[in-house]
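Me: I have a model open and would like to learn how to read it. Could you take me through a few features?

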There are 2 protein chains.
Amino acid sequence: MYSLAEENYIKTIFHLQQTKKGVVSTNAIAESMDTKASSVTDMVQKLSEKKVLSYVKYKGAQLTEEGKKIATRIVRKHRLWEVFLVDKLEFHWDEVHEIAEQLEHIHSTELIKRLDKFLGSPAFDPHGDPIPDEHGNFVKTEKKLLSQLHKSQFGICVGVKESSTEYLQYLDKKKISIGTKINVLGKEFFDGSMVIEVGTNQFFVSKKIADNLYVQTL
Amino acid sequence: MYSLAEENYIKTIFHLQQTKKGVVSTNAIAESMDTKASSVTDMVQKLSEKKVLSYVKYKGAQLTEEGKKIATRIVRKHRLWEVFLVDKLEFHWDEVHEIAEQLEHIHSTELIKRLDKFLGSPAFDPHGDPIPDEHGNFVKTEKKLLSQLHKSQFGICVGVKESSTEYLQYLDKKKISIGTKINVLGKEFFDGSMVIEVGTNQFFVSKKIADNLYVQTL
DNA sequence: TTTATTTTTTAGCCAAGGCTAAAAAATAAT
DNA sequence: ATTATTTTTTAGCCTTGGCTAAAAAATAAA
């Protein structure tokens, strides 16, 4: 069993080594966790002894397989709870992070198993990020522009390229927000326009619109 | 904001002063929390400075109004989460305590407001204990025998007087367990037998049966 | 290739919460 | 009313997870 502090370090290092690719520097961890480098050194040395990560002085830290497993479980919990908060308690997607930060540390594998089932084993959280399955497997996703999808593919809205007021209002009107699933029903070869499905709504979007929306795809 | 340790002390003292009536001794707290008396003394002195309880050396501790408020909020959270675990995640009522012990420390008033609404503002938890409302008011309940109820009253099953195998099997068959709501539809003056409703089922119970079941009533 | 600068680590300190052992107060027994 | 026993407190120490300031290593600049 890992302490709250340990879990938070593991989670942070996991996220950092996704982006920064490879070993993570002491300073990077410190900055990301809003703490001091000296504190990070201490903790990283402790976690290294626990075989959660490998650590070479002055070089940085890198999670072991065990460490990644722990991190993945935390991420799974975090994202499932976010789905719960949004889908069941009707929170808005941008209000749930803080609460999920707390809920992700609740210890009970049975709880998560049942929560997952209760939520219908969702594949994405309300921000459009993929939820690892119970074995820790992430679906490998790619961030693309909506315009890059083909007919009968789908994507989860994760952001916009340029955010003009008009565009955001358009998305709002069409009930597209972060985490929304978008099915591509058809695509016009000639002008790149598409027919998409959002919820139960089906409508037409121009290439200009589809070029401005980022989606996460499998 | 109170720490995890502080919240646990406050909660424990709250429960102890319900039963033991009045001031709570250092040893009682220590035993109940499975810790040492010396640790209790330290914490109780700290909480006294924070005006959460009044404490007289060698005499014991007693929660202030503020302390009771904090305790009540924790109890409310604990019991609402238990309802969630049983009603929504289909845990059995005797499996949920540990998990609720963790969930009760999640900080977010909005979360509890929404959880309560989501659950239909339940008045009792799965053990038949009353859930304080958002202002901290407990419905004042009384523990009675089912046989003491009158027509059109209801009670929440909280236990049995004598537990023979046959009796427990009977309850099982009738889908009566801890936390089950029982409506008294009719009562026969002559022999004390009753017609009760459990879920959507309505059936007859003899006085002997009704005399053996404890229920919580408003 | 020295010298400066940045990054990281070490050393020493602090607060929270716990523990043990000894002292002090309260309570019970003679 | 003493003495014995139990309860509670104090004193001192431990671990976790922070912090600051100084030292050491790595990196960049001259």
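Reply: We will go through the two DNA strands and then two pairs of packed helices. Keep in mind that this is a predicted model.

Me: Let us begin with DNA strand C. Which residues are the closest to DNA strand C?

Reply: A residue is taken as near a strand when one of its heavy atoms lies within 4 Å of it. For DNA strand C, 21 residues qualify, and the closest are Tyr55(A) and Lys57(A) from one chain and Ser3(B), Ser39(B) and Lys46(B) from the other. Of the strand's atoms that come within 4 Å of the protein, 80% belong to sugar and phosphate.

Me: Which residue places a side-chain N or O atom 2.8 Å from a phosphate oxygen of DNA strand C?

Reply: That is Gln45(A). Two other residues use the backbone: Asn27(A) has a backbone N or O atom 3.0 Å from a phosphate oxygen of the strand, and Tyr58(A) also has one at 3.0 Å. As for elements, α2 (26-33) and α3 (37-49) of chain A and α1 (4-19) and α3 (37-49) of chain B give two or more residues each to this surface.

Me: Which element gives the most to the surface near DNA strand C, and how do the residues there divide by class?

Reply: The most comes from α3(B), with five residues. The surface near DNA strand C holds seven nonpolar, 10 polar and four charged residues.

Me: Now DNA strand D. Which residues come nearest to DNA strand D?

Reply: Among the 21 residues around DNA strand D, the nearest are Ser3(A), Ser39(A), Lys46(A), Tyr55(B) and Lys57(B). Sugar and phosphate make up 79% of the strand's atoms within 4 Å of the protein.

Me: Which side chains have an N or O atom at 2.5 Å, 2.8 Å and 2.9 Å from a phosphate oxygen of DNA strand D?

Reply: The side chain of Ser3(A) has an N or O atom 2.5 Å from a phosphate oxygen of DNA strand D. For Gln45(B) the distance is 2.8 Å, and for Thr26(B) it is 2.9 Å. With five residues, α3(A) has the largest share of the surface near DNA strand D. By class, that surface has seven nonpolar, 10 polar and four charged residues.

Me: How do I read a pair of packed helices, and what is the angle between α2(B) and α3(B)?

Reply: Two packed helices are described by the angle between their axes and by the distance between those axes. The axes of α2(B) and α3(B) lie 8 Å apart, at an angle of about 110°. Angles of 65 to 115 degrees count as roughly perpendicular, so α2(B) and α3(B) are roughly perpendicular to each other. The crossing is right-handed. Thr26(B), Asn27(B), Ile29(B) and Ala30(B) of α2(B) make the contact with Ala37(B), Val40(B), Thr41(B) and Val44(B) of α3(B). These divide into five nonpolar, three polar and no charged residues.

Me: At what angle do α4(B) and α6(B) pack?

Reply: Helix α4 (residues 65-88) of chain B packs against helix α6 (residues 109-118) of chain B at about 40°, with 10 Å between the axes. That angle makes α4(B) oblique to α6(B). Their crossing is left-handed. From α4(B), the contact residues include Leu80(B), Trp81(B) and Phe84(B), and from α6(B) they include Leu111(B), Ile112(B) and Leu115(B). By class, the contact has seven nonpolar, no polar and four charged residues.

Notes:
Residues are numbered from 1 along each chain as its sequence is written. Chains are lettered from A and ligands numbered from 1 in the order in which they are written. This is a predicted model: local features need pLDDT of at least 70, side-chain atom pairs count only at pLDDT 80 or more; totals for chains, interfaces and linings use all residues. Side-chain values use heavy atoms; hydrogens and water are left out. A polar contact is a pair of N or O atoms within 3.5 Å; within protein, one must be able to donate a hydrogen and the other to accept it, and residues adjacent in sequence count only if both atoms are side-chain atoms. Helices (H or I, at least four residues) and strands (E, at least two) are DSSP runs, numbered from the N terminus. Ala, Val, Leu, Ile, Met, Phe, Trp, Tyr, Cys and Pro count as nonpolar, Asp, Glu, Lys and Arg as charged, and the others, Gly among them, as polar. Axes are lines fitted to C-alpha atoms, for helices over the stretch in contact, and angles run from 0 to 180 degrees between N-to-C directions. Angles under 35 degrees count as roughly parallel, over 145 as roughly antiparallel, 65 to 115 as roughly perpendicular and the rest as oblique. A crossing is left-handed if the near helix is turned anticlockwise from the far one by less than a right angle, and right-handed if clockwise. Contact means heavy atoms within 4.5 Å.
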